[in-house]
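Me: I have a structure open and would like to go through it with you. Could you take my questions as they come?

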Amino acid sequence: TAAESLRAEELAERLRAQRSEEEKRERPGDPAQRRARELTALSQWLQQVHPNVLAKVLKQGTLYQNEEIVAINKPYGLPVHGGPGIKNCIADVLPILGKMLENMKAEPLHLCHRLDKETTGVMVLARNKEVAEKIRVLFKTRQVEKIYWAISLGDPDPAEGIVEIPIVEKEVQSHQSHYKMTLAPNYRLSPEDGKVVKIRKNRNAESAVTRYRCLASSSACSLLELQPITGVKHQIRVHLAYGLGCPILGDHKYSHWSKLAPQKLPKITLKRLKLEQSKARHLPLHLHAYRLSLPLGQRIDLVCKPPLFFQKTLKKLELDVTNE
């Protein structure tokens, strides 16, 4: 009996230890992890809500409106266009948003440009087809000034400059084949004598030009101000990761070439973010459309401050931008 009660106590102790371990695991650990979970939950919620609710969320994020355009603050994790597995997207709720902003007889709003699903910030919608076409032409002819903010890993060298390297889409041959945008430079260094050699242009490559400037650096990271002169898919992400060797924080796709794996973070960055490397995959992409300047009659300047998760990361990494 004594042996049995001892076994029972051991079993109870083991169960208690197991429960406490499970609780620890379930308890929202560090704030960075909790915020990452909240963001994931938010983007899932935006996918599941009624279109009217989504339109209301976008209406609350209105930055500016006049008789021609409406500028909204695009939330994190919300796609602009529909596709496989996408229930809600901005394009689908434009008729509802138009009515909410104007009146029940309002025309649907029109898309003029796009932002990636994970990118936040200024997005311009037009009140009619003619204005939408006019704005699309302004984008195409590079008359729209776009300024983005990104938190990158590492410091670009030099701290300010222009990356002008064509970009092309390629298939990555790995255990899990996938497609990525990558650089298609027009020059390379000759292995024999180190001289610069012009190489044959890749027919499918698109010209891509990004101006960048470092606003602050700390904790093995930088806050960069970016101005894409051209508008190639994933241009900023590719130019920073492969052109400057400074991938965007939370950009798990472009932090490695040959594999799909979570971004590897420096020890100081993990420490400041209070994050374990094993949880780095939860980090969101820190890329924000900060300002858009449109020449429509007079120039319209649209500014949108970064979302809360971005601001909190700036604070934790001690990337001080009080002068900006």
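Reply: One convention helps with the element names: helices (H or I, at least four residues) and strands (E, at least two) are DSSP runs, numbered from the N terminus. Please also keep in mind that this is a predicted model.

Me: OK, so what does the secondary structure come to?
Reply: The protein has eight helices and 14 strands.

Me: And how much of it is buried?
Reply: Of the 324 residues in the protein, 46% are buried, and the protein exposes about 18,200 Å², of which carbon and sulfur atoms supply 50%. As for contacts with a separation of 6 or more, 64% of them are between residues 24 or more positions apart.

Me: Where is the cis peptide bond?
Reply: The cis bond runs from Asp157 to Pro158, with omega near 5°, and Pro158 sits in the loop between strand S5 (145-153) and strand S6 (160-164).

Me: Staying with backbone geometry, which residue other than glycine has a positive phi near 55°?
Reply: That is Ser219, which is found in the loop between strand S11 (209-218) and strand S12 (221-228). Arg142 is not a glycine either, and has a positive phi of about 60°; its loop lies between helix H5 (129-140) and S5.

Me: Are those two buried or exposed?
Reply: Ser219 is buried, with a relative accessible area of 8%, whereas Arg142 is exposed, at 52%.

Me: Switching to aromatics, how many pairs turn up?
Reply: A search of the whole structure gives four aromatic pairs. One of them is formed by Tyr242 and Tyr254, which meet edge-to-face at 6.0 Å centre to centre, with 75° between the planes. Tyr242 belongs to helix H6 (residues 235-243) and Tyr254 to the loop between H6 and helix H7 (267-273), so this pair ties together parts that are twelve residues apart in sequence.

Me: What about Tyr242 and Trp257?
Reply: They also form an edge-to-face pair, at 6.1 Å centre to centre and with 80° between the planes. Because Tyr242 is in helix H6 and Trp257 in the loop between H6 and H7, that pair ties together parts 15 residues apart in sequence. Tyr242, Tyr254 and Trp257 make up one aromatic cluster.

Me: How accessible is each member of that cluster?
Reply: Tyr254 is buried, with a relative accessible area of 1%, while Tyr242 is partly exposed at 23% and Trp257 is partly exposed at 33%. The cut-off for buried is under 20%.

Me: And H6 itself, why call it largely enclosed?
Reply: Seven of the nine residues of H6 are buried, so the helix is largely enclosed by the rest of the structure. Those buried residues are Gln235, Ile236, Arg237, Val238, His239, Leu240 and Ala241. Just after H6, Gly245 takes a positive phi of about 70°.

Me: Now the surface: which residues make the nonpolar patch of about 240 Å²?
Reply: Leu42, Trp45 and Val53 make that patch. Trp45 belongs to helix H2 (residues 31-48) and is partly exposed, with a relative accessible area of 39%.

Me: Last one, how are S1 and S2 joined?
Reply: Strand S1 (residues 62-65) and strand S2 (residues 69-74) run antiparallel and are joined by three bridges, with a hairpin of three residues leading from S1 to S2. Tyr64 has Ala71 as its bridge partner in S2.

How values were computed: Residues numbered from 1 in each chain as written. Predicted model: local features only at pLDDT ≥ 70, side-chain atom pairs only at ≥ 80, totals over all residues. Heavy atoms only, no water. Patch = residues over 30% accessible without salt bridge, like charges linked within 9 Å, V, L, I, M, F, W, Y side chains within 5 Å. Areas by Shrake-Rupley, 256 points an atom, 1.4 Å probe, with all protein chains shown as cover. Salt bridge = Lys/Arg side-chain N within 4 Å of Asp/Glu carboxyl O. Buried < 20%, exposed > 50% of the residue type's maximum accessible area, 1.4 Å probe, protein only. Contact = heavy atoms within 4.5 Å. Phe/Tyr/Trp six-rings, centres within 6.5 Å; stacked < 30°, edge-to-face > 60°. Pairing = 2+ DSSP bridges.
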